[in-house]
Amino acid sequence: MNVLEIRGVSKTYGRVHALRNVDLTIRKGEMVSIVGPSGSGKSTLLQIAGTLDRPTSGTVRVAGYDVSTLSDSQLSALRARFIGFVFQQFHLSPSLSALDNVADGLLYTGLSRRQRRERAEVALDLVGLSHRLGHRPNQLSGGQMQRVAVARAVAGRPPLLLADEPTGNLDSEAGAEVLSLFRTLNARGITIAIITHDTEVAMACPRRIRVRDGLVRSEVS
Ligand code: ADP
Ligand code: ADP
């Protein structure tokens, strides 16, 4: 099954061609890196793949759904069910505990408050932070904050995880832990696409998607 299917996708911002007629398929179980120079179109590609942005032309299918046919609220529901996101800046709420940061990520899933907290505990256990449930972000290290963010991204058990420079703000040891976590998640079946400038991360991915001037080329490492 194709988790993600992008066909003939272009994206322009005024006169800037951020993506030019891109075709890209990602199958269930893959772990791919997305690499390329700054400004080449990587974030735009990830935003469109993640249905956070719409293409100027072309089609995007997530888990078989043609997203161009969905309203914004249907898209939010599709994202909540199918896609987890991790960013370079952890995007955690500073006033909330690790547990509440993760549980709040499940607000739009229809789960009860108790189920959300249970799922959040399971996810924080998976990332090795069951001893930090009550800690707020400023009481955690960078690596721990990113692991909370990963827990939030996967707590709803989405089939697809999209990450934009997830180790970009971490020292090499914390980065290696986050990478190891991604590998564990991938081994458990989640499909992962990671924008990265980090060689270790890129090398850990069996497939590399190279973006240059809005054009996309896929390579097997
Ligand atoms: P990358 O992630 O590879 O650094 P981006 O996808 O962020 O590349 O950007 C690709 C091109 O599109 C760049 O020229 C960038 O300046 C432009 N761009 C991206 N987002 C916007 C936007 N919201 N408005 C205008 N231009 C944008
Ligand atoms: P990175 O390459 O580290 O992701 P960017 O600066 O390329 O960082 O992009 C960060 C965010 O800002 C992206 O979501 C992108 O769409 C947006 N962006 C990039 N360039 C522009 C721009 N010229 N105008 C408006 N938004 C932009």
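Let me start with Gln 47 and ligand 2. In this predicted model, a polar side-chain atom of Gln 47 lies 3.3 Å from an oxygen atom of ligand 2. Ser 43 also takes part: an N or O atom in its side chain is 2.6 Å from an oxygen atom of that ligand. Together with Asp 164, these two residues are what surrounds ligand 2. On its own, ligand 2 exposes 550 Å², and the protein buries 30% of that.

Now ligand 1. How much of its accessible area does the protein cover? First, the contacts. Lys 42 has a polar side-chain atom 2.8 Å from an oxygen atom of ligand 1. Two backbones contribute as well: a polar backbone atom of Gly 41 is 3.0 Å from an oxygen atom of the ligand, and one of Ser 40 is 3.1 Å from an oxygen atom of the ligand. As for the cover, ligand 1 alone has 560 Å² of accessible area, of which the protein covers 57%.

The residues around ligand 1 include Tyr 13, Val 16, Ala 18 and Pro 37, and also Ser 43, which you have already met beside ligand 2. By type, the shell has four nonpolar residues, six polar ones and one charged one. Both β2, residues 16–27, and α1, residues 42–49, supply at least two residues of the shell. The most comes from α1, with three residues.

Next, the interior. The largest nonpolar core has 38 residues, and the members touching the most others are Leu 124, Leu 161 and Phe 182. Several elements supply at least two residues each, among them α3 (98–104), α4 (113–126), β8 (191–195) and α7 (199–204). The largest share is from α5, with seven residues.

Take Leu 124 as an example. Which residues does Leu 124 contact, leaving aside neighbours within four places in sequence? They are Ala 98, Leu 99, Val 102, Leu 129, Ser 130, Leu 133, Val 148 and Ala 151. There is also a second, separate core of 29 residues, and Leu 24, Ile 48, Val 60 and Ile 195 are included in it.

Two backbone angles are worth a look. Glu 165 is not a glycine, yet its phi is positive, near 50°. Glu 165 sits in the loop between β7 (160–164) and α6 (172–187). Asp 213, also not a glycine, has a positive phi of about 50°. Its place is the loop between β9 (207–212) and β10 (215–220).

Are these two residues buried or exposed? Glu 165 has 10% relative accessibility, and the cut-off for buried is under 20%, so Glu 165 counts as buried. Asp 213 has a relative accessible area of 54%, and exposed means over 50%, so Asp 213 is exposed.

Last, Gln 139, in the loop between α4 and α5. Its relative accessible area is 43%, so Gln 139 is partly exposed. A polar atom of its side chain lies 2.7 Å from the backbone nitrogen of Arg 136. Gln 139 and His 197 are 58 residues apart along the chain, and their C-alpha atoms are separated by 28 Å.

Key:
Residues numbered from 1 in each chain as written. Chains lettered and ligands numbered in written order. Predicted model: local features only at pLDDT ≥ 70, side-chain atom pairs only at ≥ 80, totals over all residues. Heavy atoms only, no water. Near = heavy atom within 4 Å. Polar contact = N/O pair within 3.5 Å; in protein donor to acceptor, adjacent residues only side chain to side chain. Areas by Shrake-Rupley, 256 points an atom, 1.4 Å probe, with all protein chains shown as cover. Helix = DSSP H or I, 4+ residues; strand = E, 2+ residues; numbered from the N terminus. Buried < 20%, exposed > 50% of the residue type's maximum accessible area, 1.4 Å probe, protein only. Core = buried A, V, L, I, M, F, W, Y, C linked by side-chain atoms within 4.5 Å. Contact = heavy atoms within 4.5 Å. Nonpolar A, V, L, I, M, F, W, Y, C, P; charged D, E, K, R; others polar.
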